[in-house]
Amino acid sequence: MLHIKKYKFDVWTVISLAIMATFALTLLYPMIKIFRLAVIDSNGHFTLQNFITFFSKTYYVKTISNSFELALLITFFSLLIGIPFSYFYSFYILKGAKLIFILSILCCMSAPFIGAYAWILLLGRSGILTVFFEKLFHIKMGSIYGLKGIVLVETLKLFPLVFIYMNGAFKNIDNSLLEASSNLGCVGIRRVFRVTLRLCMPTILAASLIVFMRSFADFGTPLLLGEGYRTFPVEIYNQYLGENGTDFHFAATISVIAILITALVFALQKWGTSKFKFSINSLHPVMKKKPSLLKGIFMNFYCYLIIALSFLPQIYVIYLSFKKCDMAVFKQGFSLDSYRSAIRKLLYRSLTNSLVISGLALLIIIIISVLIAYLVVRRASLWNNFIDTISMIPYIIPGSVIGIALVIAFSTKTFALTGTMTIMVMSFVIRRMPYTIRSATANLMQIPISIEEASISLGTSKLKTFRAITVPMMANGILSGAILSWVSLVTELSSSIILYNNRTITLTMSTYVSITMGNYGMACAFSAILTVLTFVSLLIYLKMSGSEDIQV
């Protein structure tokens with residue numbers, strides 16, 4: 001007699017199906033729509049003409065090479081600055097180490113285009129440093145615009161990501177390995193390159209990927225500083241909302257090319273990481289030591305110089321927010337006029353929208369991330385691993401592409417969400433969920449399943465065990481990913497610029513709109529408030545976690 005095995009249909013199966021259905025509607029459906037739009041013409045016929053047009057014109061192909069050139073240079077210089085910075089911080093006792101940590105993290109958590117805007121005020125054609133060096137020393141500063149300026153601004157913003165990654169990697173190195181290399185005569189700078197950095201190679205590749213992806217997909221900095229230097233994300237925006245008319249089909253085509261390129265880079269990084277796959281048991285972690293006098297002076301000078309250069313734009317913007325200003329001209333004396341103008345120009349609405357939209361998005365992100373982490377770690381299956389893979393798609397897609405995809409998908413009568421807060425929340429959730437998912441998953445892997453089994457064996461239901469035992473034990477991992485998600489949410493620009501309107505405008509968008517209108521004083525006021533909000537968020541995280549570890 002044939003026995004048919006019954007499929008066990010429990011509450012976690014329902015949750016798994018519900019998450020997959022949510023992803024299908026909010027992520028896969030928009031992606032399919034954008035792929036479809038790229039290969040059909042205005043009459044609904046299949047065509048590859050848009051792809052032919054893109055690759056046959058040097059202007060468009062140049063945007064790809066420009067973005068690659070830019071991302072590679074930023075990645076190289078971020079590693080060049082970030083690895084020594086992290087090495088000094090991790091292996092030696094530095095003065096004010098806590099301050100170095102907080103300021104470096106704050107540098108990378110600010111809105112990207114605010115740094116670009118501040119550097120224009122400092123080193124632009126009429127920037128304060130440009131004028132100062134020219135008048136006093138007759139030195140003409142190099143232009144902040146173009147490739148060099150973008151590389152400078154983004155390197156100073158993104159090197160802390162390398163610091164975060166490498167700090168965790170250096171902590172995991174077993175000191176006995178370093179002692180063994182010393183016994184074999186491998187010491188000093190030779191040991192750093194031949195042992196320490198080789199042990200950290202998977203982390204270096206991971207840091208390289210995230211810096212490359214962020215710089216490749218960045219929209220705000222190239223838009224403000226690029227001038228004639230066109231990049232991929234800016235071209236997507238121009239095709240969608242350009243001054244010379246819109247072309248949704250061509251914008252979709254460029255978006256598809258962007259997705260394929262970033263997916264290829266992600267695959268290459270995964271392949272490269274597999275070549276350096278090994279495990280380390282850090283039974284004897286490296287203890288920080290006190291450097292010699294000369295070494296200590298050099299290390300402290302290096303770290304504080306980099307921090308000063310990175311944090312200077314934010315300090316200067318806050319300073320200018322209190323200066324008297326007539327639109328684009330700052331005057332002598334101090335005043336609160338810029339803040340009064342900001343209050344009259346939607347400050348309350350912008351701040352409220354930023355907190356409400358980001359808060360709702362973060363709540364949804366935390367709930368979905370915890371559920372996905374549990375499904376992947378505790379109820380591993382091909383289906384749940386597929387859900388995990390789907391959730392990481394936004395990690396490799398530029399924000400402007402996601403914004404355009406959501407507009408295309410949800411501007412019909414069936415799903416009319418454009419211009420609403422719902423589509424903004426949806427965009428924020430999709431964009432920033434991967435951070436918390438990865439952090440929650442990594443944390444749950446470290447929690448022994450025997451604790452949950454003991455609770456269940458005592459008669460507690462699985463759901464109650466999950467809610468009362470598992471989730472509280474995951475708190476640190478959830479918090480670590482959530483802080484990165486939160487700060488990324490309140491400073492989001494690339495998808496917001498496609499989706500926002502006057503009713504859903506955020507602090508970031510108010511800052512950007514003020515810059516484009518030439519109202520620099522008001523832009524500084526919005527920027528200062530956004531910086532303070534970011535700083536307070538980081539302090540709350542550090543206070544709640546009591547940790548110096550942030551997982552990216």
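In this predicted model, D326 stands opposite V329 in strand 2, and this pair is a convenient place to begin a tour of the fold. Next to it in the sequence, C325 faces F330, again a residue of strand 2. The two strands concerned, strand 1 (residues 323–326) and strand 2 (residues 329–334), run antiparallel and are joined by three bridges. Together they form a hairpin with two residues between the strands, and there M327 adopts a positive phi near 60°.

The helices offer two packing pairs that are worth a look on screen. Helix 3 packs against helix 10 (residues 201–217) at an angle of about 135°, and their axes lie 8 Å apart. Angles over 145 degrees would count as roughly antiparallel and those from 65 to 115 as roughly perpendicular; helix 3 and helix 10 are therefore oblique to each other. Their crossing is right-handed. The second pair brings together helix 16 (residues 347–378) and helix 17 (residues 382–391), with an angle of about 140° and axes 9 Å apart. Helix 16 is therefore oblique to helix 17 as well. Here, however, the crossing is left-handed.

Helix 3 (58–91) appears again in the second largest pocket, where at least two lining residues come from each of helix 3, helix 8 (175–183), helix 9 (188–199) and helix 14. This pocket has a volume of about 580 Å³. Its lining consists of 23 residues, and those closest to the centre are Y87, F88, G188, I189 and V192. Which helix gives the most to this lining? The answer is helix 3, with eight residues. In chemical terms, the lining of the second largest pocket comprises 18 nonpolar residues, two polar ones and three charged ones.

Enclosed space was examined too. Rolling a probe the size of a water molecule over the atoms shows where empty space is left. Across the whole structure, the search finds two cavities of 30 Å³ or more. The second largest cavity has a volume of about 100 Å³. Twelve residues line this cavity, and C107, G115, V153, K157 and S310 lie nearest its centre. The elements that give two or more residues to this lining are helix 5 (112–123), helix 7 (147–171) and helix 14 (293–320). Helix 14 thus deserves a second glance, as helix 14 also supplies at least two residues to the lining of the second largest pocket. By class, the cavity lining divides into seven nonpolar residues, four polar and one charged.

Technical notes. Residues numbered from 1 in each chain as written. Predicted model: local features only at pLDDT ≥ 70, side-chain atom pairs only at ≥ 80, totals over all residues. Heavy atoms only, no water. 1 Å grid on protein atoms, 1.4 Å probe; cavity = no way out; pocket = protein on both sides within 12 Å on 5 of 7 lines; lining within 4 Å. Points joined across faces, edges and corners; volume = space filled by probe spheres on them. Helix = DSSP H or I, 4+ residues; strand = E, 2+ residues; numbered from the N terminus. Nonpolar A, V, L, I, M, F, W, Y, C, P; charged D, E, K, R; others polar. Pairing = 2+ DSSP bridges. Axes fitted to C-alpha atoms, helices over the stretch in contact; angles between N-to-C directions. Parallel < 35°, antiparallel > 145°, perpendicular 65-115°, else oblique. Left-handed = near helix turned anticlockwise from the far one by under 90°.
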